[in-house]
Amino acid sequence: MAATTECMTAVKIIKVLGTSSESWEDAAHEAVAQATETIDEIHGVEVEDWTATVENGEVTDYKATVEVAFPVQGE
């Protein structure tokens, strides 16, 4: 029987908080945009939480906590 070689990749997941004065969707996009400035090869994201700041009965800041997944780079 021939030996098979499997390519296994370790993935790192970090949390990034994005904010927007417009919407939660914009906050999530902002989180990903900021993450791509310092992280290569982002493979996926998951929105973990949506929150907001309220002042005088109005939402003033939308916040999205996003988990960003990317491969661990070997040296």
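Which residue in β3 does Ala52 stand opposite? In this predicted model, the residue that Ala52 faces in β3 is Tyr62, and that pairing serves as a way into the sheet described below.

## Overall architecture

The protein contains 1 helix and 3 strands, and these elements follow one another along the sequence in the pattern β-α-β-β. Of its 75 residues, 21% are buried. The surface that the protein exposes comes to about 5,800 Å², and carbon and sulfur atoms supply 48% of that area. When contacts between residues at least 6 apart in sequence are considered, 63% of them join residues that are at least 24 apart.

## The sheet and the helix

The 3 strands form an open sheet in the order β1-β3-β2, with antiparallel pairing. Strands β1 (11–20) and β2 stand at the edges and have a single partner strand each, so one side of each is left without a neighbour in the sheet. From one strand to the next, the twist averages 20 degrees. Helix α1, which covers residues 24–36, packs on this sheet and touches β1, β2 and β3, and its direction makes about 40 degrees with that of β3.

Strand β3, residues 58–71, pairs with β2 in the antiparallel sense over 11 bridges, while 10 bridges join β1 to β3, again in an antiparallel arrangement. Several residues that stand opposite one another across these pairings are listed here.

| Residue | Opposite residue in β3 |
|---|---|
| Val11 | Pro71 |
| Val47 | Val66 |
| Trp50 | Ala64 |
| Ala52 | Tyr62 |

## A nonpolar patch on the surface

Two of the residues in the table, Val47 and Trp50, also belong to a nonpolar surface patch, which they make together with Trp24 and which has an area of about 280 Å². Val47 is found in strand β2, which spans residues 44–55. Val47 counts as partly exposed because its relative accessibility is 33%, a value that lies between the limits of 20% for buried and 50% for exposed residues.

## The salt bridge between β1 and β2

Side chains of opposite charge can pair when their charged atoms come close. A search of the whole structure finds 1 salt bridge, in which the side chains of Glu48 and Lys15 meet at 3.1 Å, N to O. This pair links distant parts of the chain, since Glu48 lies in strand β2 and Lys15 lies in strand β1, and the two are 33 residues apart. Their accessibility classes can be given in turn: Glu48 has a relative accessibility of 38% and therefore counts as partly exposed, whereas Lys15, at 55% relative accessibility, counts as exposed.

## Thr65 and its contacts

Both members of the salt bridge, Glu48 and Lys15, are among the residues that Thr65 contacts. Thr65 lies in strand β3, and a relative accessibility of 17% means that Thr65 counts as buried, the limit for that class being under 20%. Once its neighbours within four places in sequence are left aside, Thr65 is in contact with Lys15, Val16, Leu17, Glu46, Val47, Glu48 and Asp49. The list includes Val47, which has already appeared as part of the nonpolar patch.

## Positive phi angles in the loops

Which phi value does Glu41 have, although it is not a glycine? For Glu41 the angle is positive, at about 55 degrees. Glu41 has its place in the loop between α1 and β2, and it is classed as partly exposed because its relative accessible area is 49%.

Asn56, a residue other than glycine, likewise has a positive phi, near 55 degrees. The loop between β2 and β3 is where Asn56 is placed, and the hairpin formed by those strands has 2 residues between them. With a relative accessible area of 82%, Asn56 is exposed, since that class begins over 50%.

Notes: Residues numbered from 1 in each chain as written. Predicted model: local features only at pLDDT ≥ 70, side-chain atom pairs only at ≥ 80, totals over all residues. Heavy atoms only, no water. Patch = residues over 30% accessible without salt bridge, like charges linked within 9 Å, V, L, I, M, F, W, Y side chains within 5 Å. Areas by Shrake-Rupley, 256 points an atom, 1.4 Å probe, with all protein chains shown as cover. Salt bridge = Lys/Arg side-chain N within 4 Å of Asp/Glu carboxyl O. Helix = DSSP H or I, 4+ residues; strand = E, 2+ residues; numbered from the N terminus. Buried < 20%, exposed > 50% of the residue type's maximum accessible area, 1.4 Å probe, protein only. Pairing = 2+ DSSP bridges. Axes fitted to C-alpha atoms, helices over the stretch in contact; angles between N-to-C directions. Contact = heavy atoms within 4.5 Å.
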